Amino acid sequence: MSLSVAVTGPTGDLGRALLRALDRCPEVDAVLGMARRPFDPAAAGLGKTRYRQGDVLDRPALDALFGEADVVVHLAFLIMGGAEETRRINLEGSGNVFAAAVAAERCRRVVYTSSVAAYGFHADNPSPLTEAVPPRGTESHDYSAQKAELEGVLAATLRDTDVDGYVFRPCIVAGADALLLTDSIPGAGLAAHVPDAVREALGRLPLLRPVLPDPGVPFQLVHADDVADALVAAILGRGEPGVYTLAGDGLVTVSDVAHALGWHAVRVPGAGVRATARLVERLPLMPPEAQWIAAFTHPVVMDTGHARRALGWRPRHDAGAVLAETVAAARDAGRI
């Protein structure tokens, strides 16, 4: 087997992990990457990747990229941003990707990363969640709603074609090269502007350490390299096409995050968190980041047995190890 793989969004946290995995994969002969930002594969030590700058809103650019590909992997997606901007890039852009992949003469498979957020943050969600649970999204949460909608768009686009579709719903992706978890913590970025001596002095004064509110809702983490392993299995056509959930073993809470940071945590009632989420839904001009309060209203925990059985996937990192590695990398980078 000798495959050519096209990847949209290869410069993101997950994209970089996938490029490294594909570079090591003997069954993959060439990797074709496209994203909006500059990127030098050679500087990243990647021998198989050819890169071009482009936009998923540019259908001719996608047609040219996919014309050489046996498999298309779609990773390009905005997590944060306003509703209008994210709908344009995430929905229109992803629709372009799916249509161009189906139209490409060589393409055999489309591999798409959805999210645990596609299930939505609903009180009546079963626990644990499996692939059999339909993605309902949370309408007031743009990322969640768009991820759920796009799974339907992909299914409709692939229907009555010879192109197979693999959809992955990972939980929060983290690791040394995937710092969105720590970057998203309110106040964490201030560390980059505090002199080292001041930061060290504050660390010796427990009462002055930051405090994170913890609603007590457990969540899962998965290492970017472990997600990349699952994507490679799909690229190679292992298992059956369909939907797969991905998460590392174990659960963490906001208190665990706070303790890893050396901060304090204070328990807050779940009813208060849910009331705050409802208020965010109603107030105009709220920043997009405020929508993520909804993620802590109800547990969203997945069963990953299907990926383990069908793909032979085994995460190499549990949630605690992923958290520790992420915090250590963020601290080394001066981002917390």
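**Exercise 1.** Which residues of α11 are buried? Work from the predicted model above, and then explain how these residues are placed around the helix.

*Solution.* Begin by locating the helix: α11 covers residues 319–332. From its first C-alpha to its last, this 14-residue helix reaches 20 Å, close to the 20 Å expected at 1.5 Å a residue. Next, pick out the buried positions, which are A319, V322, L323, T326, V327, A329 and A330. They lie on the same side of α11 because they cover an arc of only 165° around the axis. The spacing fits a general rule: an α-helix has 3.6 residues a turn, so residues three or four places apart point the same way. Finally, look for the packing partners: the buried residues of α11 pack against β7 (172–174), α5 (180–183), β9 (221–223) and α8 (254–261).

**Exercise 2.** Describe what lies at the start of α11 and what follows the helix.

*Solution.* At the start, find D318: one of its side-chain oxygens comes to within 3.2 Å of the backbone nitrogen of G320. Then move past the other end, where α11 is followed by G334, a residue with a positive phi, near 70°.

**Exercise 3.** Is D214 buried or exposed, and which side chain of opposite charge is nearest to it?

*Solution.* First place D214 in strand β8 (residues 211–214). D214 is buried, and the nearest side chain of opposite charge is that of R267, 4.6 Å away. A salt bridge needs a distance within 4 Å, so D214 has none. Now check for polar partners: the side chains of D214 and S255 are joined by a polar contact of 2.5 Å. To finish, list the neighbours: leaving out residues up to four places away in sequence, D214 touches T253, V254, S255, V266, R267 and V268.

Technical notes: Residues numbered from 1 in each chain as written. Predicted model: local features only at pLDDT ≥ 70, side-chain atom pairs only at ≥ 80, totals over all residues. Heavy atoms only, no water. Helix = DSSP H or I, 4+ residues; strand = E, 2+ residues; numbered from the N terminus. Buried < 20%, exposed > 50% of the residue type's maximum accessible area, 1.4 Å probe, protein only. Lys, Arg positive; Asp, Glu negative; His and termini not counted. Polar contact = N/O pair within 3.5 Å; in protein donor to acceptor, adjacent residues only side chain to side chain. Contact = heavy atoms within 4.5 Å. Expected span 1.5 Å × (residues − 1). Arc of directions from axis to C-beta.
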